[in-house]
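Here is a set of exercises to work through with the model open in your viewer. Try each task before you read its solution.

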Amino acid sequence: MRRNFITPILVIFSVICLTSCSSTKEVVYFQDASQFETLVEDNSFTTKFKVDDLLSIHISTLDPEASAPFNLLRGAEEGGFRAEQVNYLVDKDGEIDFPVIGKIKVAGLSPSETRDLLREKLKDYLKDPIINIRIRNFTVTVLGAVNRPGTYRIDGEQTSILEALGLAGDINIKGRRDNIMVIRDFNGTKVYNRINLNGKNALKSPVYYLTQNDVVYVEPNKSGKTQSSLDQRASIAISIASILITSAVVIFTRN
């Protein structure tokens, strides 16, 4: 009797071990990086503006009155409320409507290139303007086998996939690190790329640095898929058992 009782326990324990354990090779980042190895980064990534980007552009000079017409404000400084600067939306044609100057095509330009373009167009109005540009809606979305999936706002002009995964609490033990998908939008066209974070060559990947509105998807490994399948089967079994028990109770009470 005791032997018959112990056997099912051993079977259940073995199944749990097989479905919950992941190989070290599956979860370690940059496995082929040697001790004290120096890797010179040659990834010349630069953020480029896209359609639907929301840009904050502020122009300043030694003469505030001269630069004031180029800084649109929303609201008045009355009753203790401070006026807010108006942001510029990159429209479907890749343009922004800038005060005084008019339409300017910025899609495909980097922040530095856009500053140079504005400086050229403002030379007849302002002397030595200081131009600050910032993307106000730079977000990345991290989904799948991570600890905190969600959409995260990025402060700055660029972020790496490692930083994005860090914001999402890192890949959990059931996530694949060797086949991460990055979905990127180029003005309405979706491009799918994959990156392997198990190797150091990930640093050279075209999607190592993310762009605004990128989606990072981490698919589950074999352990995660098996666990998901077991959870689904267990849920079905519980539902069937619940129906059978309910039916048995109904029949018993009627008799």
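**Exercise 1. Find how strand β8 (residues 139-144) and β14 run relative to each other, and how many bridges join them.**

Solution. Keep in mind that this is a predicted model.
Step 1: Follow both strands from their N-terminal ends; β8 and β14 run parallel.
Step 2: Count the bridges between β8 and β14, and you should arrive at four.
Step 3: Pick out one pair as a check: T141 has V215 of β14 opposite it.

**Exercise 2. Determine which residues of β11 and β14 face each other, and in which sense these strands pair.**

Solution.
Step 1: Strand β11 covers residues 180-186 and strand β14 residues 215-218.
Step 2: Their pairing is antiparallel, and three bridges hold it.
Step 3: For the partners, start at I183, whose bridge partner in β14 is V215.
Step 4: Then go to M181, which stands opposite Y217 in β14.
Step 5: Now look at the two faces of β14. V216 and V218 make up the covered face, while V215 and Y217 belong to the uncovered one.

**Exercise 3. Work out how β11 is linked to β12, and what the turn looks like.**

Solution.
Step 1: β11 and β12 run antiparallel and are joined by seven bridges.
Step 2: Use M181 again as the guide: in β12, it has R194 opposite.
Step 3: The two strands form a hairpin, with two residues between them.
Step 4: Check the backbone angles in that turn, where N187 has a positive phi of about 50°.

**Exercise 4. Assemble the sheet: what is the order of its five strands, and why does one side of β9 and of β12 lack a neighbour?**

Solution.
Step 1: A reminder on pairing helps here: strands in a sheet pair through backbone hydrogen bonds, either parallel or antiparallel.
Step 2: Put the strands side by side to obtain β9-β8-β14-β11-β12, an open sheet with mixed pairing.
Step 3: Look at the edges. β9 (150-153) and β12 (189-195) each have a single partner strand, so one side of each has no neighbour in the sheet.
Step 4: Add the twist: on average, neighbouring strands in this sheet are turned by 20° against each other, direction ignored.

**Exercise 5. Identify the parts of the chain that the K48 and E113 salt bridge ties together.**

Solution.
Step 1: The whole structure contains 10 salt bridges.
Step 2: In the one between K48 and E113, the N to O distance is 3.5 Å.
Step 3: K48 is in the loop between α2 (24-27) and β1 (54-60), and E113 is in helix α4 (residues 111-122), so the bridge ties together parts 65 residues apart in sequence.
Step 4: Test exposure. K48 is partly exposed, with a relative accessible area of 35%, and E113, at 36%, also counts as partly exposed.

**Exercise 6. Locate D91 and K103, then look at E120 with K123.**

Solution.
Step 1: The closest N and O atoms of D91 and K103 are 3.3 Å apart, and the two residues form a salt bridge.
Step 2: D91 belongs to the loop between β4 (88-89) and β5 (95-98) and K103 to strand β6 (residues 102-105), so this pair ties together parts 12 residues apart in sequence.
Step 3: E120 and K123 form a salt bridge as well, with closest N and O atoms 2.7 Å apart. E120 is partly exposed, at 45% relative accessible area.
Step 4: Finally, look for shared partners: R176, D178, R194 and E219 are joined into one network by their salt bridges.

**Exercise 7. Which residues touch the most other members of the largest nonpolar core, and what does I57 contact?**

Solution.
Step 1: The largest nonpolar core has 42 residues.
Step 2: Those that touch the most other members are I57, I96, F98, I161, L165 and I180.
Step 3: Set aside neighbours within four places in sequence, and the contacts of I57 include I96, F98, L118, I131 and I133. The polar residues N71, Q85 and N132 are also among them.

**Exercise 8. Find where D52 and V100 lie, and give their phi values.**

Solution.
Step 1: Most residues other than glycine have a negative phi.
Step 2: D52 has a positive phi of about 80° and lies in the loop between α2 and β1. D52 is partly exposed, with a relative accessible area of 47%.
Step 3: V100 has a positive phi near 70°, and its place is in the loop between β5 and β6.

Technical notes
Residues are numbered from 1 along each chain as its sequence is written. This is a predicted model: local features need pLDDT of at least 70, side-chain atom pairs count only at pLDDT 80 or more; totals for chains, interfaces and linings use all residues. Side-chain values use heavy atoms; hydrogens and water are left out. Two strands pair if DSSP finds at least two bridges between them. Axes are lines fitted to C-alpha atoms, for helices over the stretch in contact, and angles run from 0 to 180 degrees between N-to-C directions. A nonpolar core is a set of buried Ala, Val, Leu, Ile, Met, Phe, Trp, Tyr and Cys residues joined through side-chain atoms within 4.5 Å. Buried means under 20% relative accessible area, exposed over 50%, partly exposed in between (1.4 Å probe, protein chains only). Contact means heavy atoms within 4.5 Å. A salt bridge is a side-chain nitrogen of Lys or Arg within 4 Å of a carboxyl oxygen of Asp or Glu.
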